[in-house]
Structure formats: C-alpha cells, structure tokens
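The following report describes one chain of a complex and the side of that chain which meets its partner. Please read it alongside the sequence and the coordinates.

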Amino acid sequence: MTANTVSRVTGRRQGPILRATTRIAWVLAGLGALSESQPFLTAGVIAVVLVTAAPLLRVTWLILRWTQERDWRFVWTAAALLGVIFVAGFIALVAQ
Amino acid sequence: MSDVFLLVGLAAATSGIGALGGLGGAVILVPALVLAGWSPMDAAPLGLISVAAGSVAAGARQLSERSVNHRIGVTTELAATAGAVVGALVADRFSDEFLVYLLASVALAAAFMGGRRKGLRNPPIPGLGMEDVGERVGSLSGAYPAHGGVASYETRRLPLGLAFMSVAGLVAGTTGASGGFIKTPATSEIMHVPTKVAASTTTFTIGITASAALIVFALRGRLDIQQSSAVVFGSLAGGAIGAIVQSRLHPVHVRRALSVVLVLIAILLVITR
C-alpha cells in the first residue's frame, strides 16, 4: 500500500466493544462506589482496571490492524509506546 | 458517603465540560477537588481516572464520526507518555504548595489557549467523497467529514509538536490534570491538524497517558478504590453526554465559557491555598 491509500482501520469493530466496555464499567463502578465491603470493592477494582486497560488495548488492537496493512513504521511506533508504558510500570515497581 | 456523591457529581460535570471543549475534564476536576479539601497528592490519581474514563466514554462516538487519527495519536503519544511517566515518578518529591501553584498556572494556560483557539482552517475540498475519509497508510495525514463536505489535512512541524506533547505528559503525570489543554491546541495550531480531528485524537491519547500514569500510581498503592469507582461512574456518564453535546454545539463558544471557568478556578486555588 502507498502513502495515499486510505487506511482500512475505521473503528467499526472497535466502537461497539468500547460502548459495551463503557456500560459494564459504569455498572461496576456504581457498585464500587456504594460500599467499602469486599464484593463492592471487587466490582470497583474491575471497573478501574477496565477503564485503565481500555486505552492500552486500543493501541494493541491498532498494532494488529496496522500489521495487516503492513504499515511497519506505525506498528513499531505503537509497539514502542506500549514498551515505554511497560518499562515505566517495571521502574515504579522496583523503585517502591 | 457524602464524599462519594460529591465525587460522582464533580466527575460527571467536569468530564462533560472537558469532552465539550476537547480539553479533558481533569484540568477542572483536580483543582475543584483541591478546593473541596482533597490534597493535590490525593486528587492527582482521581484526575487521571477521570481522564481515562472520559476517553473510553467518548471513544465510541468519535470512532463512528471517523474524526480520530490513530497514527497521529500514537506518534504524539509516544512523547507524551514518556513525559507522563517521568512526572508520575517524581510527583512525590514536590510539595503540595508547588503542585497548587502548578495547577493554577496550568488552569490559566488552558484558559488562554482555549480562549484564543480559532475555528476552521481546512475547508472542504470539492471532489473528495466519503470514500476518501480516513487516515492515510504510512503518513500523518487524512481526510474527515467537515461542513457538508470532506476536508483533507497533513501534519506539519512534527518535532515542535512532539516537544509540546512531552510537556503535556509531564504536567499530566505530576498533577493528574490531563494534558489535553496543551495537546489539542498544539495538534491544531502547531501541527495544523483540523480542530475537530485534534480534539478527538487528543481524547484518544489522553486516555493512554492517563493509563500509563495510573499504572504507576496503582503500583505505589495510591488508588482509593471507592473514590476511584465514584469518579469512573461520574466520568463515564459525563464523558458520554459531553461527546453527544459536542457534536451539536459550536466549539468556540464552549471553549470561551470554559476559559472563564478556568480563570476563576486558578484565582480560587491561589486565594484559598
């Protein structure tokens, strides 16, 4: 493909998944906010994990889609982005 | 429990307003939390959670409008995330007083940049149709639906734009206020990406920055789950409503009103310190 080719990555598949994630996280977060007892806190943890993980999963999904398009420059850029985040988590863990 | 209700209300309102202006809600939420009695250290992770939730909530609608350029987002985000991680790692070393002044400065800068931002730079091009809408493979360019037609764009001054993204990430990681108020104007005014594409792409990228910094905060045990849940609950609702309203209102009017609110917050922060 050339630089003038319109990318096939349109977000048509990603959109419904994001919408479902939003609804599930919203319900779980509502429960998590209600009480500090264990089941409610667990629901809250899942909600926080969902909204924290969703942007990173979107980047992972982009790497897969751009690999299909053989757009290597952006595959490596996105992989480097995830790498920086992974290294940061490791540094935070070690630096505690 | 009253804290929880306050957090839900503040998160919903600020995420809604943030999504409207394409600035991210944390730039209002974090100062508002400090005014309500939270320490800047405690307010920072809550601000980041609000950003991540607002980004997820607005994402589906912005994808359906095809206004997000993922290639620009990922490229600029590499610089911003590096800045955010450094900010989160050194945030513990700053005093609360320093963070209050930093937040007030950030709010004033956001007010200035949001207020002066202009509207349309890329007019629709005759001959371009809906089949041309989207990102271009291998480049930081694309086309998007605009004002009854299709407008194309190409990114300019990438190195300067990336420098601004690093600063935006540093501010986000240190204070918890999303760097959207720097990223959106930098993408639009420096890199010459249309305002709507810049705002949607920034909404995508500030979620990544927030996630990166949140992982650091979580590993350091600085997340209160009940308060975080309240912020997620409010922000998801506010972000979704804000994204719907954003597509119906003229963004210049919204940004000017937002600028006034930000100036008031900056003044209150310093006065009530």
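Among the contacts in chain B that join residues at least 6 apart in sequence, 82% link residues at least 24 apart. This is a predicted model, and the predictor assigns the complex an ipTM of 0.88 together with a pTM of 0.84. For chain B the mean pLDDT is 81, with 90% of the residues scoring at least 70. Among the elements of chain B, the lowest mean pLDDT, 72, belongs to helix α10 (residues 251–271), whereas the highest, 88, belongs to α9(B).

Chain B contains ten helices and three strands, arranged along the sequence in the pattern α-α-α-α-α-β-β-β-α-α-α-α-α. The radius of gyration of chain B is 17 Å, which agrees with a compact globule, because a globule of 273 residues would have a value near 19 Å. Along the principal axes, the C-alpha atoms of chain B fill a box of roughly 55 × 35 × 30 Å, and 62% of the 273 residues count as buried.

The three strands of chain B form an open, antiparallel sheet in the order β1-β2-β3. Its edges are β1 (134–135) and β3 (149–154) of chain B, each of which pairs on one side only. Strand β2 (residues 141–146) of chain B is joined to β3(B) by six bridges in the antiparallel sense, and B:Ala143 has B:Ser152 in β3(B) as its bridge partner.

Turning to a single position, B:Thr14 lies in helix α1 of chain B and counts as buried because 30 C-beta neighbours lie inside 10 Å, where 20 or more suffice. Leaving aside residues up to four places away in sequence, B:Thr14 touches B:Gly25, B:Ile28, B:Leu29, B:Ala32, B:Ser50 and B:Gly238. Of these contacts, the one with B:Ser50 spans 36 residues in sequence, with the two C-alpha atoms 8.8 Å apart in space.

Between the chains, 51 residues of chain B are in contact with 51 residues of chain A. The elements of chain B that each supply at least two residues to the side touching chain A are α1 (2–21), α3 (40–64), α4 (70–90), β1, α8 (195–219) and α9 (225–246). The residues on that side of chain B divide by class as follows.

| Class of residue, side of chain B touching chain A | Number |
|---|---|
| Nonpolar | 30 residues |
| Polar | 14 residues |
| Charged | seven residues |

Helix α1 of chain B, which holds B:Thr14, is thus one of the elements that contribute to the side facing chain A.

Conventions. Residues are numbered from 1 along each chain as its sequence is written. Chains are lettered from A and ligands numbered from 1 in the order in which they are written. This is a predicted model: local features need pLDDT of at least 70, side-chain atom pairs count only at pLDDT 80 or more; totals for chains, interfaces and linings use all residues. Two strands pair if DSSP finds at least two bridges between them. Helices (H or I, at least four residues) and strands (E, at least two) are DSSP runs, numbered from the N terminus. Two residues are in contact if their C-beta atoms, placed from the backbone, lie within 7 Å. Ala, Val, Leu, Ile, Met, Phe, Trp, Tyr, Cys and Pro count as nonpolar, Asp, Glu, Lys and Arg as charged, and the others, Gly among them, as polar. A residue is buried if 20 or more other C-beta atoms lie within 10 Å of its own, exposed if 12 or fewer, and partly exposed in between; C-beta atoms are placed from the backbone. pLDDT is the predictor's confidence in each residue, from 0 to 100. The radius of gyration is taken over C-alpha atoms; the globule rule is 2.2 Å times the number of residues to the power 0.38.
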